[in-house]
Amino acid sequence: MEDYKSINFLIDKANGIELVICNQSILSYPVHNHISVYTIGLVTDGYVDVTINSDLQRYQKGDILVIPPYLPHSILATNKYSMLSLCISRQTLESVEYISIKETIIKMLSFITSLDNLYLYINDIFQILHDLSLNKGDKHTPMMDIVSVVREQLELFPEEKISIDEMAQLAFVSKYHFIRNFKQEVGLTPHQFQLQNRIRKAQGLLHHTDRITEVALDTGFCDQSHFIRQFEKIVRLTPSKYILACNMLGTHTD
């Protein structure tokens, strides 16, 4: 497994913004989506192959990709690559003034000193951010009511035990029909979506504690070993290495 030093997370919890810094990484990521988050990626060295809705495209040095919330995608690395990824929540785009978002990101980028040509692309990134902030939210098609309700429940309370049969009963359809409709609207099966949200919630909890067993139980996992396996599968780092890779912005104490 690649050492945690090849990937770092700079997190501003106050504004719901995260900067992920991959430096000469070889990490690939299976199909997933980003929950209520816009992601803007800038490849700074090498290349990655990104599949979005079955459409494969190679992004090389200087290329920028934008992934809206809930859009299924995967990343395949066949060689080492470096990439910056800005992750910004929908809520931030809808509630925070663009100028404040820009100031926060400038503060984040000031931590990076090794990317001499970053300024060549920063205006493009800010233009994308500006356009997104003007949109004030998603332009996806409306979901059927029950899928929307279940999706929100799995987002807010992923640790809760709810079976596919119970979800399907709410919609008065067979579980196979419900899974098919959920995946069509969200991009993942209910189980995949819930698991992804559990891991995302675990990431947030690990910003405050290093008690991995406690986090595993709080996010709905039966035991620590299962939690660690699923965490590493999605994040590509173990929980302990993820803790070491995180830097919290504006949380230093005297």
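These are my notebook entries on a predicted model, from the whole chain down to one threonine and back out to the cores.

**Entry 1: the chain as a whole**
I began with the secondary structure and found ten helices and ten strands. Next I looked up burial: 48% of the 254 residues count as buried. The exposed surface of the chain comes to about 13400 Å², and I noted that carbon and sulfur atoms supply 52% of that area. I also checked how far apart in sequence the contacts reach. Taking contacts between residues at least 6 apart, 69% join residues at least 24 apart.

**Entry 2: Thr39**
Where does Thr39 lie? I found Thr39 in strand S4, which covers residues 37–45. Is Thr39 buried or exposed? Its relative accessible area is 6%, and buried means under 20%, so Thr39 is buried.

I then listed its neighbours, leaving out residues up to four places away in sequence. Thr39 touches His34, Leu65, Val66, Ile67, Ser85, Leu86 and Cys87. With His34 there is a polar contact as well, side chain to side chain, at 2.6 Å.

**Entry 3: the cores**
Which residues touch the most other members of the largest nonpolar core? I wrote down Ile7, Phe9, Tyr81, Phe227, Phe231 and Tyr242, out of 36 residues in that core. I picked Phe227 for a further look. Setting aside residues up to four places away in sequence, Phe227 touches Ile199, Ala202, Ile212, Val215, Ala216, Thr219, Phe221 and Pro239. Another core lies apart from this one and has 25 residues; among them I noted Ile17, Ile88, Tyr98 and Leu132.

Methods: Residues numbered from 1 in each chain as written. Predicted model: local features only at pLDDT ≥ 70, side-chain atom pairs only at ≥ 80, totals over all residues. Heavy atoms only, no water. Helix = DSSP H or I, 4+ residues; strand = E, 2+ residues; numbered from the N terminus. Buried < 20%, exposed > 50% of the residue type's maximum accessible area, 1.4 Å probe, protein only. Polar contact = N/O pair within 3.5 Å; in protein donor to acceptor, adjacent residues only side chain to side chain. Contact = heavy atoms within 4.5 Å. Areas by Shrake-Rupley, 256 points an atom, 1.4 Å probe, with all protein chains shown as cover. Core = buried A, V, L, I, M, F, W, Y, C linked by side-chain atoms within 4.5 Å.
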